[in-house]
Amino acid sequence: MPFVKVNGTHTLECASGLNLMTLLVRSGYELNNACGGRGVCGKCKVRIPNTSESEFSKTEKMFLTPEEQRQGIRLACMVRVRQDLEVETLSREKEYAVLAEGHLPEWATEQSKDPAKSGEYGIAADVGTTTVVCRLIHLETGKTADTAASVNDQKKFGLDVLSRISYEQDHPEFGRKELQDAIVGNLNRLIEGMCRRQELFPESIRRIAISGNCTMVHMLLGADAVPLGKAPFIPVLKGAQRCFAGEIGLKPEGAELYCIPAVSAYIGGDIVAGAYICGLKKLPGNVLFVDIGTNGEIVLAQDGEMNSCSCAAGPALEGMNIQQGMRGETGAIEDVEIRPDGIHLKVIGGGPAEGICGSGILAGIKELLRCGVLRKSGVFVHPDRLPEGDERKEYLQVNPEDGTRSVRLQENPVPVNITQKDIRQVQLAKGAIRSGIEILLENNGLDPSMLDEVMIAGQFGSHLPQEDLTGVGILPEEVRERIHYVGNTALTGAVAALLSEGVRREMEALAKEIGYTELGETPEYEYRLAEWLEFPK
């Protein structure tokens, strides 16, 4: 049985032939595992000294530069352990700003004072695919005593829900339990930290309200999530879920746990919370609510009558499936401006860039379209087509080996490019969201000019200026002046549900009232998707 020595300090015993990524993830090591080990993201880089050229797979040769191969850089998901190895992990956890604020109207938290609750607290939590945010709430006053947030610990199993569902399916003997343990441990750590800071006994927490997408709720409660990843996409859990925290390993064990109900497999309790907290049922006119992320969830309200759809945008808009993509963390390019004197970058945390996040890639594409470097088809112009002395020649690149084109954003200390493949990934993501919006509008007798308001919710959407959303075609140009940002409504909806049984009942009724359109079953969807792959003129 081979042994794997990790980072020169710890030695792991390994079954012969076991995948190196599986070994490292199960042993608690940090890996940039965007695709869940499917070999399509090229992010899970490790260093294995003395690797011979013959050991590199075709996938590794596609993702790794010749210099990286010379240094012994490998993709962990492509390595089978058949002999003793020394491995150096390269992923490092960085600071990541998590959105904890959102729209919270007074009517959503109104309740009578109850002296019996003077020493009691509750937890409102937004359990998202990417991040987990908790608020410690005083149950008598409804005021926030503390807030805590982190990246979702399930990231080591993949950055999107389909990757995590695949992990559960591929590892039936332990996958479901590992996914549950990761998110339960994540919540326990955040709750314990808040109690410690506020000098509270954990037993003073009497209630926990969870807002999350359907997959996250299944994984939190230890339910089978595999049916959510394949047609007909029927959830095992239906309606609101109630139990005691201790039944799933949460602390304090005696706290009542409530999970906001979903509409369907891909319109979850987080969207129900957002629809409730934004008062979509009560608003006059035509209002579009959009949560942009790995999935694009859309709710259209017409004088209070609601219909919804969900589009599989993929992880490109969150910086993944991009050659040098990363989360919105320190070192990520978050904005790009092209001026006559060159390309100017805004980098999170300042200093040189290490990669580019979703908001940065959209800003870059908007600028490349504006400057005529990128055609609306998504193809870069060839530098030879530009006149002599044109400053755009300075950053347009052509690979002499295969003729592929890219734009160099930064040369040193780390070269950062936007590649033709990156453009294609963004096209697929924005095409999915825009075609979903267009179909939802058409099915309900509307066109974009008839929208009175567009609400943008969620972590990713909050970082996108109106000009970027419309500039690349995610949203129609007609609505630019009608866009406003409502923040983390999944969390504020959880706060409202925590404080009021009446709110919980209203959310349960709302979930049943929201109609759902399965885009994959819509005859014109593929045509509309192809139509909206192009960028605006």
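Two strands are said to pair if DSSP finds at least two bridges between them. With that in mind, a good place to enter this predicted model is an open sheet of three strands, which run in the order 18-17-19 with mixed pairing. Strand 18 (342-347) and strand 19 (355-356) are the edge strands, each pairing on one side only. Strand 17, covering residues 332-339, is joined to strand 18 by six bridges in the antiparallel sense. Within this pairing, I338 has I343 of strand 18 as its bridge partner. Helix 8 (residues 358-370) packs on the sheet, where it touches strand 17 and strand 19, and its direction makes about 15 degrees with that of strand 17.

The start of the chain offers another set of paired strands. Strand 1 (residues 3-6) pairs with strand 2 (residues 10-13) in the antiparallel sense over four bridges, and V6 has H10 in strand 2 as its bridge partner. The two strands form a hairpin with three residues between them. In the turn, N7 has a positive phi of about 55 degrees. Strand 1 also pairs with strand 7 (residues 85-89), here in the parallel sense and over three bridges; K5 is matched with E86 of strand 7. In a regular strand, side chains alternate between the two faces of the sheet. Strand 1 shows such alternation: V4 and V6 point to one face and are buried, whereas F3 and K5 point to the other and are not.

Helix 5 spans residues 175-197. At 1.5 Å a residue, its 23 residues should span 33 Å, and the end C-alpha atoms are 34 Å apart, so the two values agree. Just after this helix, E199 adopts a positive phi of about 55 degrees. The loop between helix 5 and strand 11 (205-212) also holds S204. This serine counts as buried because its relative accessibility is 14%, below the cut-off of 20%. A polar atom of the S204 side chain lies 2.7 Å from the backbone oxygen of F201. Beyond its neighbours within four places in sequence, S204 is in contact with G119, E120 and Y121.

Finally, the cysteines deserve a look. The structure holds zero disulfides. C243 is in none, and the nearest cysteine sulfur, that of C259, is 6.7 Å away. For C309, the closest cysteine sulfur is in C311 at 4.8 Å, which is too far for a bond, since a disulfide requires sulfur atoms within 2.5 Å. C309 is buried, with a relative accessible area of 0%.

Notes: Residues numbered from 1 in each chain as written. Predicted model: local features only at pLDDT ≥ 70, side-chain atom pairs only at ≥ 80, totals over all residues. Heavy atoms only, no water. Expected span 1.5 Å × (residues − 1). Buried < 20%, exposed > 50% of the residue type's maximum accessible area, 1.4 Å probe, protein only. Contact = heavy atoms within 4.5 Å. Axes fitted to C-alpha atoms, helices over the stretch in contact; angles between N-to-C directions. Polar contact = N/O pair within 3.5 Å; in protein donor to acceptor, adjacent residues only side chain to side chain.
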